[in-house]
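Biologist: I'm new to this one. Could you walk me through it, one question at a time?

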Amino acid sequence: MASPESQREVSMAAPLGAAATAIALPDRAALYRHLLDLVDGACTILDADSGRILDCNVAAHEQLGYSREQYLAITPSALQADPAHDRAWVEAVLAELRQRGRLSFSTSHRHRNGSAVAVEVHLELAHCGGQVLLLAATSERPELLRIQEDLERSNRQLLEAEQLAQLGSWQLPSLHGPIRWSPQIAQILELSDSHRPQLRFYLSRVHPDDRGGLRQAIRELAKAGRPLELEQRLRLANGKRKVVVLRARMNADRLGRPIGVVGTLQDVTAANALKEQLEQTAYRDVVTGLPNRAASHRHLDQLLRELPRTSNLAAICLDIDDFQAINDSFGIAVGNRVLEETGRRLQQLLGPADWVARTGSDEFLVLSPHRHSIGEARSLAMELQRQLARPLPIQDHLAVTLAVTVGVSVWPEHGGDPLELLQRANTALTEAKQRGPRQLEVYSNLISARLLARTQLEQELARAVDREQLRLVFQPQTDGHGRVVGAEALLRWIDQRGQAQSPANFIPLAERTGLIHAIGQWVLEESFRQLAAWRKQGLQLPLLSINLSSIQLQDPERKLSRFIHTCSRQYGIEPQQLEFELTETAIQRDAVLVTEQLQELAGLGFKLALDDFGTGYSSLEVLHRLPLDKLKIDRCFIDPLVDRHTDRSIVAATIAMARQLGLTPLAEGVENAGQVELLLELGCELFQGYHFGRPMEAGELGERLAAQGQ
């Protein structure tokens, strides 16, 4: 029988058929690169933690004019052509991607020749061989390409026309004589060939707002001989409007004395229309029609230059919570409709001086000038959050209720320039997201300090395994007489400063960043190693409980169950000695995949426990669906057990239900003899808590096992 690894390789190669067998590539990396090159679009593989480019196909580097080696040496921030998309922006995108798993947005990439290429980017996280990878598919935006091509074609034609002297030309043989112009100028002005050329007539067709600049330029031309080049708007007799470029220079005699003026007139109406269209596309969100991030930076920069220092401005970032679920449930068309209606509702709620933009896949920005205090800015943000929570009609018989998380910053208190102000609004939004959906946060220096601390903690946690800073302690699980019947393995982290970090801080961080996979594997292997070490000492721990994160189980390749099975065989540990714990809320995340993995572990003989029962949202259906062995009653019901009759009734009902379902109940957080006595009366026979033992080192638990003869 083939090994699992060889079976996977066969399953990958099989769809390629005969073509796959004909490929003679030296190694697996070359095969992967060959497979990437078979894809039409531009594909790039990056390291999800550092953002470093690991590999790409031919389309990816050729799209931007690089060789493969040059492309692999570029950082993602160096690829960005948009000035607003700096390193901080790239890091923010990576952080958001780690939370969501996939992400799409529009941006511009820098071509090797220096030009900007408008692209649509689709990012997705992937797990391969224990490494978290980032897959990026990049496609050029056709509407921008079309406009750019039209503009370039128009410019080429205009240049050729100028080179061939096909522009309308004019001259003043003397500074005070009549003007002469070519038939092409008559065509530009839409006059008959018989119309007599007149400078006064041309001036009458110039837009009134542009006449002053023309007269000033003519005076400078006559006085100092300075060449003239002006873009002007014309209003013709038939009501048509045109844009022209007027160029002129002074002619001089052999002594340098001015004797006349020659010039050209070029109709650039079509080219200007293309420029405006290109600018609209570059600065406008195609889904909602709202300004985009680049337009917001430009607008805010102008706004801050015009606002007096005594005024204030609120920058409000709004993020639709779990927007991907709307796309997944109803489709992208409905998702786009939600975005349109959200933008429309924001515009209806705000005044004409306020600015509304869509700055991300599910993010909006509001800029509201003349907010005179941080409190006013917060009140506005709260009102927007409340109004957006009203049902949003999308289609007939379909309305969506949104939850929105908000971050707020205020100028000038929180930033003196556009970039700083928007970054701090985003920082406040990030902090709000940390606390869950429907949150609102106003920026403060404390938030930046917390964010910096989290970033530093994340960096240190990433190196904790290699630096051997992690260790396990074990809390006994006993019967009513204090006899050890098992233990729970608990993770501890002593950082490089020798300070103990709370699991309540670093475990959620590990889950958000994906570090939980490497840390979880270390915990599992260390637990197996310790069981083997006790056995070598002649000691036998009946059962060791290990906590699992749902993130570890959200893996379609089921690498976790294979790793556990491999470790148990390597260390000679019977599956019945291991029990895996999951919380109620963890089971709700990707319930189908989590359930499948738990059922697979149970099928291998490992035991399963539901931790912190009563604090989550699980139903009896969950208890029936999962192959559980034990129900751990949360300490919040045990603490008041002696004093509160209500909690006693809840615990009694929970124990009775567990018995009826064939589960063993265990009480957590047992701290005194009174609790033990009541729990025994209610039918609970297993306990964990300080009354029977605090978390202890492996050696101390070993001594306790030896003392009771195990």
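Modeller: Happy to, and one definition will help with a helix crossing a sheet: axes are lines fitted to C-alpha atoms, and angles run from 0 to 180 degrees between N-to-C directions. Keep in mind that this is a predicted model.

Biologist: Okay, at about what angle to E8 does helix H11 run?

Modeller: H11 covers residues 208–224 and lies across E8, E9 and strand E10 (258–267). Taking its direction against that of E8, the angle comes out at about 150°.

Biologist: Which strands are at the edges of the open sheet that has E8 in it?

Modeller: Five strands make up that open sheet, in the order E7-E6-E10-E9-E8, with antiparallel pairing. An edge strand pairs on one side only, and that holds for strand E7 (180–181) and strand E8 (228–235).

Biologist: And which residue in E9 stands opposite Glu 229?

Modeller: E8 and strand E9 (residues 241–252) run antiparallel, joined by eight bridges. Across from Glu 229, in E9, is Arg 247.

Biologist: Let's go to E5. What is the bridge partner of Ala 42 there?

Modeller: Strand E1 (residues 42–47) runs antiparallel to strand E5 (residues 131–140), and six bridges join them. E5 also pairs with strand E4 (residues 116–128), again in the antiparallel sense, over 10 bridges, with Cys 128 opposite Gln 131. Back on the E1 side, the partner of Ala 42 is Thr 138.

Biologist: Is Gln 63 buried or exposed?

Modeller: Gln 63 lies in helix H4 (residues 58–63). Leaving out residues up to four places away in sequence, Gln 63 touches Ala 42, His 111, Val 119, Thr 138, Ser 139 and Glu 140. The cut-off for buried is under 20% relative accessible area. Gln 63 has 17% relative accessibility, so it counts as buried.

Biologist: Now a hairpin: which residue in E13 is the bridge partner of Ala 357?

Modeller: In a regular strand the side chains alternate between the two faces of the sheet. In strand E12 (residues 355–358), Trp 355 and Ala 357 point one way, Val 356 and Arg 358 the other, and all are buried. A hairpin of four residues leads from E12 into E13, and four bridges join E12 to strand E13 (residues 363–369), the two running antiparallel. For Ala 357, the partner is Leu 365.

Biologist: What do the buried residues of H19 pack against?

Modeller: In helix H19 (residues 503–513), the buried ones are Phe 506, Leu 509, Ala 510 and Thr 513. They cover an arc of only 100° around the axis, so they sit on the same side of H19. After the helix comes Gly 514, with a positive phi near 85°. The packing partners are helix H7 (87–100), helix H18 (445–462), strand E19 (484–494), strand E20 (500–501) and helix H20 (516–536).

Biologist: Last helix, then. How far apart are the end C-alpha atoms of H22?

Modeller: H22 has 12 residues (559–570), and at 1.5 Å a residue they should span 16 Å. The model agrees, with the ends apart by 16 Å.

Biologist: And which residues are exposed on the other side of H22?

Modeller: Start with the buried ones: Leu 560, Ser 561, Phe 563, Ile 564, Cys 567 and Ser 568. They cover an arc of only 160° around the axis, which puts them on the same side of H22. Following the helix is Gly 572, whose phi is positive, near 70°. On the other side of H22, the exposed residues are Arg 569 and Gln 570.

How values were computed. Residues are numbered from 1 along each chain as its sequence is written. This is a predicted model: local features need pLDDT of at least 70, side-chain atom pairs count only at pLDDT 80 or more; totals for chains, interfaces and linings use all residues. Side-chain values use heavy atoms; hydrogens and water are left out. The expected span of a helix is 1.5 Å times one less than its number of residues. Buried means under 20% relative accessible area, exposed over 50%, partly exposed in between (1.4 Å probe, protein chains only). The arc is that of the directions from the helix axis to the C-beta atoms. Two strands pair if DSSP finds at least two bridges between them. Contact means heavy atoms within 4.5 Å.
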